[in-house]
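Trainee: Could you take me through one part of this model in detail? I'd like to hear about the pockets.

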Amino acid sequence: MRRSPYKICLKKQIDVAKFTSDIITQQLSKNKNSVLGLATGSTPEQTYRELVKRHLPHQKDWSHVRTINLDEYVGLDKNNPQSYHYYMHFHLFNHVGLPECNTFLPDGTSSDPISEGQAYEQRIIDLGGIDLWLIGIGSNGHIAFNEPGSSRDSRTRLVNLSDQTIIDNSRFFEKKTTVPTQAITVGIATIMEAKRIILIATGKKKSKAIYAALKGPVGPDCPASFLREHPNCTFVVDEAAAILCRNNFV
Ligand code: PGA
């Protein structure tokens, strides 16, 4: 088995998107019934654009693919343009012929987040587990909305967003006070059970988190550091994100 995480540094953000969409396309060619774990945020947007481009000429068949997303804001319904439901349809689902019934995100409007979390975990089990999970990283080292302090055995649950995440994500909202303060997120244990994980990061703003994930202690201070214990995880970053630990990357 190769060493995990495998670390790949590419020149620019677009190279990360092309490389990552090639990996996902290969996964779908290998198994058209794949269960993909997906992420939101600005980093995967370009990857989704590349996937849509690859879908168009060859009509790669997404009709049997099932998707599970990492998280959803509490209090935003599916039709809210800031919700991750809306994001996924806007950037990917509507363009690749993925049946709505094959796509799953936590329900941020659930009145019973505990049952919602348990049902989401059960859903992943019923789908047979995640074949490949695409994830991003927060500037504070979070993965999904598992903020610093999250435990290795955490599962899908209601969480409070950290001040740093609220500040970082306020760029998507009219003002900071309208950013939701809670989310339903899969846990670190949920992510670690995926057969394969691809973490993508671009830009200097992520360089400290990438350094902490790869060079700091493995533990809850930097949730992404737990990925070092996964047997098949790849970090795909651009030069700016790798700047503090360039020598660690191929
Ligand atoms: P970003 O978010 O892609 O918008 O930077 C990543 C994350 O918070 O996981």
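Mentor: Here is a walk through the largest pocket, with a glance at the runner-up. First, this is a predicted model, where local features need pLDDT of at least 70, side-chain atom pairs count only at pLDDT 80 or more, and totals for chains, interfaces and linings use all residues. Numbering runs from 1 along each chain as its sequence is written, and side-chain values use heavy atoms, with hydrogens and water left out.

The largest pocket holds about 560 Å³ of space. A pocket here is an open set of points on a 1 Å grid over the protein atoms alone, where a 1.4 Å probe fits, with protein on both sides within 12 Å along at least five of seven lines; lining residues have an atom within 4 Å of a point. The volume is the space filled by probe spheres set on the points, which are joined across faces, edges and corners.

Its lining has 31 residues, and Thr-40, Gly-41, Ser-42, Asn-169 and Phe-172 sit nearest the centre. Helix 2 (43-58), strand 4 (71-73), helix 3 (84-91) and helix 5 (163-169) each put in at least two, with helix 2 giving the most, three residues. Those elements are DSSP runs numbered from the N terminus: helices are H or I, at least four residues, and strands are E, at least two. By class, the lining of the largest pocket splits into twelve nonpolar, 13 polar and six charged residues.

As for the second largest pocket, the volume is about 250 Å³. Helix 3 turns up there too, supplying at least two lining residues, while helix 4 has the largest share with four.

Key:
Ala, Val, Leu, Ile, Met, Phe, Trp, Tyr, Cys and Pro count as nonpolar, Asp, Glu, Lys and Arg as charged, and the others, Gly among them, as polar.
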